[in-house]
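Here's a quick tour of how some helices, strands and loops sit together in this protein. Have the viewer open and follow along.

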Amino acid sequence: MRANITEYMDIFVHVVESGSFIRAAEQLQMHRPAVSKAVQQLEEELGVKLLHRTTRRLSLTSEGEAFYQRAKALLGEMADLMATYSSTQSVSGSLRLDFPLTLAHSLLIPALDEFRERYPDIEIILTSSDRRIDLIAEGIDCVVRLGELEDSSFIARRIGEVAMITCAAPSYIAKYGTPLTLDDLAQHKAVNFFSDRSREVMAWKFVVNGEIIAKRVGSALRVDNSDIFLTSGLAGLGLIQGVESALRPHIKSGGLVPVLPEYACAPKAVSVLYPDKRNLAPRVRVFIDWFSEIFSH
């Protein structure tokens, strides 16, 4: 095997994750023809075609998909090994994250500058949505999830929980009044969040005498996006129950008013998921440890 096969593998992984020879060349600070040549030489070395190339897009062959997964894992192990025995090597590389919109807005982005100062050689590639994603298919290093987790083949680490709060816009209260008890919720409408998989509306949970009580409030509107959820609540379309840190600025500004304050909402768990602890690259490990610190203070 050629001595520079590891370099070819790294270039190939960059091409796959960037989706472009040009973008990979920019990330690696190489000439585009050199990137293309490296992938071609890798294919010749392996004796298989890894990529389908068209004028518009790149796509992996079945052999290319399998090789990408194993090459990424191997490169991660090599980086981890080198970092373990090198006191001078800084943690570096591209870190692909996926966050729920609510947590990205209220927790990650406000604190991210501190992480960047600590690890300046790590490039963050952040996707943010409220849908469930396939870590392997989308090349994500780790995912942060809010709430109870469904069964998963991935490693899950619960790092803390976030407080929840029930609110309404002043315009909603002026039109429909304020619920005073949990039973009063039957006379009100809510902006409800639903699961992108089951399409089921998520129940509101309260802590009463040490027990968790689940309530399903009738929907004025059902949404599957945190930004639309918040905008709808601010527009007075219904009561909302959401992450307290995300709603706090709107409570301070008067855009939202807490309701049912004597009924504490049950907090929601925050967890990190990643494919395999054995192949956890240093850049992923330091991020998970850093994000866990946010919940330990």
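Helices and strands here are DSSP runs, numbered from the N terminus, with at least four residues (H or I) for a helix and at least two (E) for a strand. With that naming, Q29 sits in the loop between α2 and α3. Keep in mind that this is a predicted model.

**The sheet**

Let's start with the open sheet, which has five strands in the order β4-β3-β5-β15-β6 and mixed pairing. At its edges are β4 (122-128) and β6 (155-162), each pairing on one side only. From one strand to the next, the twist averages 20°. In general, strands of a sheet pair through backbone hydrogen bonds, either parallel or antiparallel. Strands β5 (residues 142-146) and β15 (residues 268-274) go for the antiparallel option, with four bridges joining them. One residue to click on is R145, whose bridge partner in β15 is S271.

Two helices touch this sheet. Helix α5 packs on it, touching β3 (93-99), β4, β5, β6 and β15, and its direction makes about 170° with that of β4. Helix α9 lies across β3, β4, β5, β6 and β15, and runs at about 25° to β6.

**Helix pairs**

How do α5 and α9 pack against each other, and at what angle? Their axes are 11 Å apart, at an angle of about 130°. That makes α5 oblique to α9, because the angle is neither under 35, nor over 145, nor in the 65 to 115 range. The crossing of α5 past α9 is right-handed. On the α5 side, the contact includes L107, L108, A111 and F115, and on the α9 side V286, F287, W290 and F291 are among the residues they meet. By class, this contact has 11 nonpolar, no polar and three charged residues.

Over at α1 and α3, the crossing is left-handed. I5, Y8, M9, I11, F12 and V15 of α1 make this contact with V35, A38, V39, Q41, L42 and E45 of α3. Those residues divide into 10 nonpolar, one polar and one charged.

Here are the two pairs side by side:

| Helix pair | Angle | Axis separation |
|---|---|---|
| α5 (residues 101-118) and α9 (residues 282-296) | about 130° | 11 Å apart |
| α1 (residues 5-18) and α3 (residues 32-46) | roughly 115° | within 9 Å |

**Residues worth a click**

Is L103 buried or exposed? L103 is buried, with a relative accessible area of 0%, and its place is in helix α5. Leaving aside residues up to four places away in sequence, L103 touches L108, V144, L146, V162 and V270. Its C-alpha atom is also separated by 7.8 Å from that of A246, 143 residues apart along the chain.

S20 is in the loop between α1 and α2 (21-28). This serine counts as buried because its 14% relative accessibility falls under the 20% cut-off. Again skipping residues up to four places away in sequence, S20 touches V15 and L58.

Now for some backbone angles. Most residues other than glycine have a negative phi. Q29 is not a glycine, yet has a positive phi of about 55°. L260 also isn't a glycine, and its phi is positive at about 50°. Q29 is exposed, with a relative accessible area of 76%. L260, found in the loop between β13 (257-258) and β14 (264-265), counts as buried at 2% relative accessibility.

Note on methods. Residues are numbered from 1 along each chain as its sequence is written. This is a predicted model: local features need pLDDT of at least 70, side-chain atom pairs count only at pLDDT 80 or more; totals for chains, interfaces and linings use all residues. Side-chain values use heavy atoms; hydrogens and water are left out. Axes are lines fitted to C-alpha atoms, for helices over the stretch in contact, and angles run from 0 to 180 degrees between N-to-C directions. A crossing is left-handed if the near helix is turned anticlockwise from the far one by less than a right angle, and right-handed if clockwise. Contact means heavy atoms within 4.5 Å. Ala, Val, Leu, Ile, Met, Phe, Trp, Tyr, Cys and Pro count as nonpolar, Asp, Glu, Lys and Arg as charged, and the others, Gly among them, as polar. Buried means under 20% relative accessible area, exposed over 50%, partly exposed in between (1.4 Å probe, protein chains only). Two strands pair if DSSP finds at least two bridges between them.
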